[in-house]
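The following exercises concern a ligand site and the residues around it. Please work through each task before reading its solution.

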Amino acid sequence: MIKTPIFLIGFMASGKSSLAKKLANRLELSCLDLDDMIAEKEGRGITEIFKKEGEQYFREAERRALKEVASKRAVIALGGGTPCFYDNMDLIKKSGTSVYLNVPLKVLLGRLKQNRSKRPLIANLSEAELLDFVKHQLEERSPYYLQADLVVEKPKISPNELIALLT
Ligand code: S3P
């Protein structure tokens, strides 16, 4: 039995949301996406929340959403920053099973270059700035991410492969 919730953590574009859906399906659990929950509660998108209220406000909303899902029988895709603020990683660890999708920098950059308009932290960066930002953030965030119960070192993993690693 895998302890629930199963939290998928990792940098932006590491594939948390799409894997969460497939994994939840496979395990017959519900699937939650923390960013979607925050957006729904606020009645506006993440970009607008960042723009109008600032990052601190978003992080507080994120913390509240995390507390709310911590006891659910679900697969939960967290935001890229969720484990790295307050004592969120402690809460994640004591509440369920955490999986870090450790996708190489190069792969992340390739994905982020193509799909950054919805990500307020990187939406306006040049390519050089994006590289600097991702490198720096990964260095800062890795100590949190690496506390996960399982660290997946593949750019893409199937739900079945992941289940095999968790059981
Ligand atoms: C963030 C990642 C985003 C979202 C917000 C902040 C971050 O989630 O929570 O834009 O700090 O890395 P994704 O990882 O799902 O893009």
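**Exercises on the ligand site**

Arg-59 is buried, as its relative accessible area is 4%; buried means under 20% (1.4 Å probe, protein chains only). The model is predicted, so local features need pLDDT of at least 70 and side-chain atom pairs pLDDT 80 or more, while totals for chains, interfaces and linings use all residues. Residues are numbered from 1 along each chain as its sequence is written, and side-chain values use heavy atoms, without hydrogens and water.

**Exercise 1.** Place Arg-59 in the fold and identify a side-chain partner.

*Solution.* Begin with the helix: Arg-59 belongs to helix 4, residues 55–69 (a DSSP run of H or I, at least four residues). Next, take the side chain of Arg-59, which forms a polar contact of 2.9 Å with the side chain of Glu-62 (N or O atoms within 3.5 Å, one able to donate a hydrogen and the other to accept it).

**Exercise 2.** Describe the shell around the ligand.

*Solution.* First, count the residues: 13 surround the ligand (a heavy atom within 4 Å). Arg-59 is among the closest, together with Lys-16, Asp-35, Gly-80 and Arg-141. Then sort the shell by type: five residues are nonpolar, three polar and five charged.

**Exercise 3.** Find polar partners of ligand oxygen atoms and state how far the protein covers the ligand.

*Solution.* Start with the backbone: a polar atom of Gly-80 lies 2.9 Å from a ligand oxygen, and one of Gly-81 lies 3.4 Å from a ligand oxygen. Turn to side chains: an N or O atom of Arg-119 is 2.9 Å from an oxygen of the ligand. Finally, the protein covers 94% of the 390 Å² of accessible area that the ligand has on its own (Shrake-Rupley method, 1.4 Å probe).

Definitions and conventions. A residue is near a molecule or strand if one of its heavy atoms lies within 4 Å of it. Ala, Val, Leu, Ile, Met, Phe, Trp, Tyr, Cys and Pro count as nonpolar, Asp, Glu, Lys and Arg as charged, and the others, Gly among them, as polar. Helices (H or I, at least four residues) and strands (E, at least two) are DSSP runs, numbered from the N terminus. Buried means under 20% relative accessible area, exposed over 50%, partly exposed in between (1.4 Å probe, protein chains only).
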